[in-house]
Amino acid sequence: MNKLQHNELGNTGIKVTEFCLGVLPMGPLQSDLPEGKCLEIINQAIDLGVNFFDTAEGYKTQPYMGRVLTKNRGDLVVSTKSPAKTYDDMAASVEKSMTELRTDYIDIYHIHSARDGTEVFEERKGALQRLHELKQQQVIRAVGIATHNVKVVSAAAERDDIDVLFVLVNKIGMGIVGGTTAEMVAAIEKAATAGKGLYVMKALAGGNLLSDYNEALSWARRLKGVNSVSVGVVSIKELLQNLKYFGLQTPETEAVSSEIAIKEKKLFILERQCTGCGACVEACPNDALFLEGEKAKANHENCILCGYCSPECPDFLMRLT
Ligand code: SF4
Ligand code: SF4
């Protein structure tokens, strides 16, 4: 196949490549690649036909996408997200996103929710209202929610104000909250049946399933109702290997080996300097951090390497290496 498969995101009319490039791992929260390197990876993905890119206000990678959107806006689909709760805060977030993305419309704008339960819809009513107004004004094409929670997926399936879901799922259930893996799979199917667009994150459980790469990604791709799978990469080689796995046959993908040799990452805390402020513990959506003797410690079994903790540390003591 010399072209990636394209799928429609539910009933949105938005067509995306089955491979979505997750722009979190290359950015400041994780690998912190130089901007030029990030642009090289993103541009190579575009040249090879990837049209779907996932970022977020909190990932601090919107400006990278902004650099490429000035040239290719009409051909690309960009999703971004904000943790804003109120109407005014969401209005400000969307303004910031449009400035950083250098665009006058955004394809998919998510409520960035992670572990929250179904109360999120009430707590962020104002934010959701603003997104809807912007959709009516054609500033946003689709409103979404990014979640790790089974109950939120199930509830979103029944709501008219959510068009797209970005859902955490993987075959070992790592990071899923509010239910089992089987219950998440059922909730995804329910949402798809209701016409929602669905794409998934953490199919490789933040790198914990790298040794089982093919089966872990195949499992996610086979899920009924999943239109696209978001995978983060931090090098051209990783990008090409992933595209090869997704069936793209080009001279570039044929030149890389199929054997995935992506470096396994781990969270590292510079404990000696830790003041025990607890900000990182608060920020972790997966109960992977705790305080012991006034020092932050990691429970690596729960860590999905999302990187949400590191920007919260006032002393920059957390690294994903
Ligand atoms: S400790 Fe928590 S917030 Fe930090 S990378 Fe791991 S899962 Fe993400
Ligand atoms: S945020 Fe930083 S200083 Fe505070 S507990 Fe975590 S690692 Fe320690």
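In the predicted model, the buried residues of helix 8 are covered by elements that include strand 9 (197-201), strand 10 (228-232) and helix 9 (236-245). Helix 8 itself runs over residues 213-222, and its buried residues are Ala-216, Leu-217 and Ala-220. These residues lie on the same side of helix 8, because the arc that they cover around the axis is only 90 degrees. The face turned away from this buried side bears exposed residues, namely Asn-214, Glu-215 and Arg-222.

A second buried position is provided by Ser-113, a residue of strand 6 (residues 106-114). Ser-113 counts as buried because 23 other C-beta atoms lie within 10 Å, where the criterion requires 20 or more. When residues up to four places away in sequence are left out, the contacts of Ser-113 are Val-120, Ile-145, Ala-146, Thr-147 and Val-152. Val-150 stands 37 residues from Ser-113 along the chain, and the C-alpha atoms of these two residues are separated by 12 Å.

The surroundings of the two ligands were also examined. Around ligand 1 there are 14 residues, of which Cys-284, Ala-288, Cys-303, Cys-306 and Cys-309 come nearest. By class, the shell around ligand 1 comprises 12 nonpolar and two polar residues, with no charged residue. Ligand 2 is likewise surrounded by 14 residues, and those that come nearest are Cys-274, Cys-277, Cys-280, Ala-296 and Cys-313. The shell of ligand 2 divides into nine nonpolar, three polar and two charged residues.

At the level of the whole protein chain, the secondary structure consists of 11 helices and 14 strands. The radius of gyration of the protein chain is 19 Å, close to the 20 Å given by the globule rule for 321 residues, so the chain is as compact as a globular protein of that length. The C-alpha trace spans about 55 × 50 × 40 Å along its principal axes. Of the 321 residues, 48% count as buried, Ser-113 being one of the buried residues. Contacts across the sequence were considered as well: among those between residues at least 6 apart in sequence, 71% join residues at least 24 apart.

Conventions
Residues numbered from 1 in each chain as written. Chains lettered and ligands numbered in written order. Predicted model: local features only at pLDDT ≥ 70, side-chain atom pairs only at ≥ 80, totals over all residues. Buried ≥ 20, exposed ≤ 12 C-beta atoms within 10 Å, placed from the backbone. Helix = DSSP H or I, 4+ residues; strand = E, 2+ residues; numbered from the N terminus. Arc of directions from axis to C-beta. Contact = placed C-beta atoms within 7 Å. Near = placed C-beta within 6 Å. Nonpolar A, V, L, I, M, F, W, Y, C, P; charged D, E, K, R; others polar. Rg over C-alpha atoms; globule rule 2.2 N^0.38 Å.
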